[in-house]
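Welcome! Please open the structure in your viewer and get ready to make a few selections. We will visit some helices that pack together.

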Amino acid sequence: MARILITDGMDKTAIAKLQQLGHEVVEQFYEADALGEAMRDFDAMVVRSKTKVRAPHIDAAKGSRMKLIIRGGVGVDNIDVKYAEENGITVRNTPAASSASVAELALAHMFACARYVAISNFTMRQDAWEKKAYAKGMELCGKTVGIIGFGRIGQELGRMCKALGMNVLVTGRTVKPELEEKYGVRYVSMEELLASSDFISLHTPALGDKPFVDAELIAKMKDGVVFINTSRGKNVDEQALLDALNSGKVRAAGLDVWFEEPSPNHELYSHPNVSCTPHIGAQTVEAQKRIGAEVVDIIQSLCK
């Protein structure tokens with residue numbers, strides 16, 4: 001049986017299941033300078049987004065019992081995957097478990113931006129009745145949404161948007177005609193998506209150090225677009241987005257992820273046309289249970 005380190009928490013039912021199966025489970029967060037040495041005492045480690053597993057940690061764990069790192073969630077950009085696997089440590093994630101939760105949050109931000117939910121909620125708590133100021137909301141039905149990245153989360157969002165009567169345009173690394181028929185969406189070029197979409201929702205993995213959504217890309221968007229990001233904060237140039245919000249090029253933005261977390265960008269997250277959340281896309285009871293169940297399955301298959 002395996003000795004398993006859980007650094008960022010996990011569903012208690014899944015932890016109990018691992019223990020019932022005979023595994024030893026330790027829940028403990030380690031700061032970066034202590035993580036590598038700690039890894040040596042475990043066969044497997046389960047992390048979320050808080051723990052960063054980089055080359056120095058992997059170097060410190062070389063030659064030890066550590067053989068498996070599981071990212072409880074979709075993105076694995078907080079793990080140096082290639083380096084880990086080159087050094088005999090398998091890396092896995094749970095890509096399907098949180099798709100619905102993240103898609104629902106993206107949709108919630110779309111509604112919040114369209115109907116001034118965030119700012120009107122705030123002003124009412126300041127004893128202000130700003131009915132006239134927020135009288136120009138818009139319906140989602142009949143609008144066009146562009147989904148950049150049509151993987152599991154993008155597909156879930158596309159399904160939900162179609163149910164609301166929206167026209168759904170998608171773009172991604174590959175075109176899969178079967179998905180057009182399944183979800184009733186249409187693959188288009190990036191240029192057409194940017195120019196035609198009333199809402200744009202970003203669902204791509206981390207794309208490197210240079211932000212994907214920068215001033216040049218924003219300039220190609222339809223005037224008055226609503227922009228949603230529940231993917232990775234570093235995919236967006238926050239200053240370029242703020243400038244576009246101030247100019248009116250971008251009507252509103254719904255943001256769950258940030259270039260730095262916790263975000264120090266007070267000007268952006270306090271902007272009256274920003275609906276913001278602190279990276280809670282996968283934070284639902286249902287998603288956490290599915291993540292836990294997938295983690296158990298992975299450990300059972302790889303830690304004999």
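Which residues in H5 meet which residues in H7? Before selecting them, keep in mind that this is a predicted model.

**First stop: H5 and H7**

Select residues 99-114 for helix H5 and residues 152-163 for helix H7. On the H5 side, show Ser-99, Ala-100, Val-102, Ala-103, Glu-104, Ala-106, Leu-107 and Met-110; in H7 they meet Arg-152, Ile-153, Glu-156, Leu-157, Met-160 and Cys-161. Try colouring this contact by residue type: you will find 10 nonpolar, 1 polar and 3 charged residues.

Now turn the view to look at the two axes. They lie 8 Å apart, and the helices pack at an angle of about 50°. H5 and H7 are therefore oblique to each other. The crossing of H5 past H7 is right-handed.

**Next stop: H1 and H13**

Select residues 12-20, which form helix H1, together with residues 285-302, which form helix H13. How do these two lie? Their axes come within 8 Å and cross at roughly 20°. Angles under 35 degrees count as roughly parallel, so H1 and H13 are roughly parallel to each other. Here too you can look for the handedness: H1 passes H13 in a right-handed crossing.

To see the contact itself, show Thr-13, Ala-14, Lys-17 and Leu-18 of H1, then add Lys-289, Gly-292, Ala-293, Val-296 and Ile-299 of H13. Colour these by type as well, and the contact of H1 with H13 divides into 5 nonpolar, 2 polar and 2 charged residues.

Methods. Residues are numbered from 1 along each chain as its sequence is written. This is a predicted model: local features need pLDDT of at least 70, side-chain atom pairs count only at pLDDT 80 or more; totals for chains, interfaces and linings use all residues. Side-chain values use heavy atoms; hydrogens and water are left out. Axes are lines fitted to C-alpha atoms, for helices over the stretch in contact, and angles run from 0 to 180 degrees between N-to-C directions. Helices (H or I, at least four residues) and strands (E, at least two) are DSSP runs, numbered from the N terminus. Angles under 35 degrees count as roughly parallel, over 145 as roughly antiparallel, 65 to 115 as roughly perpendicular and the rest as oblique. A crossing is left-handed if the near helix is turned anticlockwise from the far one by less than a right angle, and right-handed if clockwise. Contact means heavy atoms within 4.5 Å. Ala, Val, Leu, Ile, Met, Phe, Trp, Tyr, Cys and Pro count as nonpolar, Asp, Glu, Lys and Arg as charged, and the others, Gly among them, as polar.
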